[in-house]
Amino acid sequence: DRERAIRLAREGNLRFPTGPDAAERAWYVVKSLNGLGRFHEARDEARAMLARFRGTPWADDVERHTLVYPLDQPSREEQQELER
């Protein structure tokens, strides 16, 4: 349940913003928003996450999968096909 995952992760980060699992909870928010097709919200959350948790494996994953290759844009293969 992605909506529940978002709610619980956000609640956890409100209660424990500097806890050892904060970056992982932020990752769950971004991944759940992506899974729901809420790509612009996911992008905004990913940017905020990078500002707080840069250099963690969780932030690296989010940057690579949400910011470098945004899900609301055509894939590289689709772009190449359109250019032909």
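Okay, let's start with serine 32: setting aside neighbours within four places in sequence, serine 32 is in contact with Arg2, Ala5 and Ile6. Keep in mind that this is a predicted model. Serine 32 sits in helix α2, residues 22–35. So is serine 32 buried or exposed? Its relative accessibility is 7%, and the cut-off for buried is under 20%, so serine 32 counts as buried. And what does its side chain have for polar company? A polar atom of the serine 32 side chain lies 2.8 Å from the backbone oxygen of tyrosine 28.

Next up, asparagine 13, which belongs to helix α1, residues 2–15. With a relative accessible area of 13%, asparagine 13 is buried as well. Its side chain places a polar atom 3.2 Å from the backbone oxygen of alanine 22. Not counting residues up to four places away in sequence, asparagine 13 touches Ala22, Arg25 and Ala26.

Last one, helix α4, residues 57–68. Does the length work out? Well, twelve residues at 1.5 Å each should span 16 Å, and the end C-alpha atoms are 15 Å apart, so the two agree. Which residues of α4 are buried? Those are Ala59, Asp61, Val62 and Thr66. They cover an arc of only 155° around the axis, so they lie on the same side of α4. That fits the usual helix bookkeeping: with 3.6 residues a turn, residues three or four places apart point the same way. And what do the buried residues of α4 pack against? They pack against α2 and against α3, which is 39–53.

Methods
Residues numbered from 1 in each chain as written. Predicted model: local features only at pLDDT ≥ 70, side-chain atom pairs only at ≥ 80, totals over all residues. Heavy atoms only, no water. Helix = DSSP H or I, 4+ residues; strand = E, 2+ residues; numbered from the N terminus. Buried < 20%, exposed > 50% of the residue type's maximum accessible area, 1.4 Å probe, protein only. Polar contact = N/O pair within 3.5 Å; in protein donor to acceptor, adjacent residues only side chain to side chain. Contact = heavy atoms within 4.5 Å. Expected span 1.5 Å × (residues − 1). Arc of directions from axis to C-beta.
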